[in-house]
Structure formats: C-alpha cells, structure tokens
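Please read the following walk-through with the sequence and the coordinates side by side, moving from the surface to the interior and then to a pair of strands.

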Amino acid sequence: MIPSKAVREYGHAIVVVAVATALSYVIYPFFELTNLVMIYLLGTLAVAIRGHRGPAAVSAVLSVLCFDYFFVPPRYKFSVSDAQYIWTFAVMFTAAMIISHLTIRLREEAEAAREGEQRTAYLMEKAKMAEVDAEKERMRSSLLSSVSHDFRTPLTAIVGSASALLKKEELLKNPSTRDLLENIQNEGERLSRLVQNLLEVTRLETRGVQLQKELYPLEEIVGSALERTEKLLAGRRVKIQIPESLPLVPVEGLLIEQVLINLLENAARHTPAASEIEVDAGAEGSTVKVSISDRGPGLKVEDLERIFEKFYHDPSSPGAGLGLAICRAIVQAHGGTISATNRTGGGAVFCFTLPLEDAHGK
C-alpha cells in the first residue's frame, strides 16, 4: 500500500505540471517555444524542493510530454515535424533531472546539517546535565564524608565512656542507671554503624577506588561478623552451613564482613526475637553464593526491586535505608550480584555472589 505522503507528492507533481502547462498556454502566442521550457523547468524545481526523486522524475517526464503535445508542431499530437525538437526534449529532460537531483541533494544535506546541529545541541545539553549531576554528587559525597568523619570521634568517645561506666561495680546496684547506660551504648554503636555505612558508600562511589583483595576463608569472615553482632543476635539461634571444601575467596575482608553484618542486623531487626537465622554458603561454578535466611514476615512485592536503593526503606521500619545499599555497593565492587526473595514457608532470603577469581585471574 502506497503511503499517503507519497501519494500527495506525486499528486503535487501532476498539479505543478498542469499549472506550468496552463501558464505556457496563455503566453504561447507571445514567446518562443524555448522560453516555455523554462516554465516547465521551474515547475520541476518546485517539485524537487518539496518532494523526493520519484515525484521529480515524474514531473520531468510529464513536462516533456506536455510540451510536445501542446506546443511542438504538429500540436495536440505526440509526433515531431522537426528533428531538432528531439534534442530539445532530451536537453529539457536532462536539465530537469539534473536540477531536481541537485536540489534534492542540497535539501537533504541541509536537513542532515540541521539534524546534526540538533543532535549536537542535545548531546551538549546532556553533557552539561551530567556534569552538573556529577558535581552535585561530588559535593554530596564530600559533605557526607566530612560529616561522617566528624561524627566518628565523639561517637567513639560516647560508646567507650558508656562501656567503661558499665564496668564499674557501683552501677551494678543501680538497675535504672545501668539501663540508661546500656541504651546509650547500644544506640551509640548503632549510630556508629550508620556513620561507617555512610563512609563506605562515599568511598565506593568514588571513581577509581581500588579494592585491596586478599584470599580469605569465608568461615573466618562469617565468624568475625557474628562476633561483632553478638549483642544484637543474643537469644537467637544462628545456623551456619559452610562446607569445609569451600575454596578461598579473593575479597577485601572488612568490606565483606560489613555486608554480613548489615544483612544479619537487617534480619535481626525485622524478625521475631527468638526466630532462627540461617547463613549458608557454597560454590556455584566460578562463584561463591552466600545466603542469609530468616523466618520473619518477608518482603513486600513492590520492595523486591527497590530494597537495595539508597535511603529506601519501609516507613514502618527503623533505619535510614543505607544498610542494604552499602551491601549492594560492596558486592558489585567485587564483581558479584545481590538479590532478595521471599522464602517458602515465610521469611526472606538475601543472597549475594562473589567471583572466585579477581580481575587479575588470581
């Protein structure tokens, strides 16, 4: 089926030739035949400016036919009494085709130049926006890093002072004071973990950051993470399943430990106090897969895709939405993946993978 635009262009060519013929018919008694040729050439030029090569060629052919039929003796017949008009027709057709070709090419080049200018302007605008966004991100990261560093010293002092006071014998006889100090210590430690997450986010988002990878036994990193979350996991059963045959993993140990701490803390805060948490690990091809499973209420379907976004968290849940974001940043920096799913029978499963070979093939 011929597109309507093409039909309009061919129709325009026919109308232009008809107008050129009518105008030539009016001035025919007053001008030489060669002057009439100019009118038809102008008509072909008008078609070429608006249309494509097909309509321009039709205009050229119709112009020659109309010129022959209406004006070349004998008139109103497709026959020529003088052989010189054969050359006139040939020159007329050739000139019309050359004019239409040059006109269309010039128009196409002009359109291409205009599109190029628009594309360049668009790319420049995108580049400016990207530069502005990058500058905002640098300023934000710099501010977070500065604030986080400024927080660490007083937080360390607060947690250390609370711990020291809790060791004093006279406080053992004053439960209310002890409870207050334990609350100060626990909240100080939680705020300290938040600050640590902020620092790690800004460090990992800095371009060109290089991880200091070493070969670690995974059970050692898991054990260290469990030791640091001992208070938070008090009263819970944590089931560990890590095969002895699991190979060493090339990672930056403290960072992967932070991933495990954040996932364990997340499981502890969103599940019943006495519920079990499982930590499983195993080799899958060229990667190691680690899973932290719980028996809590599970995850909302709409949260599954966004749960690892920075500052995203359920309004009813505690926290700032940084723990899982830092987990994703660390795992991706190691070349791995992380995901969350709901567990059969209730609860959630957080899984992350780590490659068994780093970028240098170690």
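In this predicted model, F78 counts as exposed because its relative accessibility is 57%, which lies above the 50% cut-off for that class. The residue is found in the loop that runs between α3 (53–71) and α4 (84–166). F78 also belongs to a nonpolar patch on the surface, formed together with V61, L65 and F93, and the accessible area of these residues taken together is about 360 Å².

From this surface one can turn to the interior, where helix α7 (residues 253–269) offers a check on geometry as well as on burial. Its 17 residues, at 1.5 Å a residue, should span 24 Å, and the end C-alpha atoms are indeed 24 Å apart, so the expected and modelled values agree. Because 15 of the 17 residues of α7 are buried, the helix is largely enclosed by the rest of the structure.

Two cysteines can be considered in the same terms of accessibility. C66 has a relative accessibility of 17% and therefore counts as buried, since the limit for that class is under 20%; C327, at 0%, counts as buried as well. A search of the whole structure finds zero disulfides.

The last stop is a pair of strands. Strand β6 (residues 338–342) and strand β7 (residues 348–355) pair in the antiparallel sense over five bridges, and T341 has V349 in β7 as its bridge partner. The two strands, β6 and β7, form a hairpin with five residues between them, and in the turn G345 has a positive phi of about 90 degrees.

How values were computed: Residues are numbered from 1 along each chain as its sequence is written. This is a predicted model: local features need pLDDT of at least 70, side-chain atom pairs count only at pLDDT 80 or more; totals for chains, interfaces and linings use all residues. Side-chain values use heavy atoms; hydrogens and water are left out. Patches are made of residues with over 30% relative accessible area and no salt bridge: like charges are joined within 9 Å, nonpolar side chains (Val, Leu, Ile, Met, Phe, Trp, Tyr) within 5 Å. Accessible areas come from the Shrake-Rupley method with a 1.4 Å probe; for residues, only the protein chains shown count as cover. A salt bridge is a side-chain nitrogen of Lys or Arg within 4 Å of a carboxyl oxygen of Asp or Glu. Helices (H or I, at least four residues) and strands (E, at least two) are DSSP runs, numbered from the N terminus. Buried means under 20% relative accessible area, exposed over 50%, partly exposed in between (1.4 Å probe, protein chains only). A disulfide is a pair of cysteine sulfur atoms within 2.5 Å. The expected span of a helix is 1.5 Å times one less than its number of residues. Two strands pair if DSSP finds at least two bridges between them.
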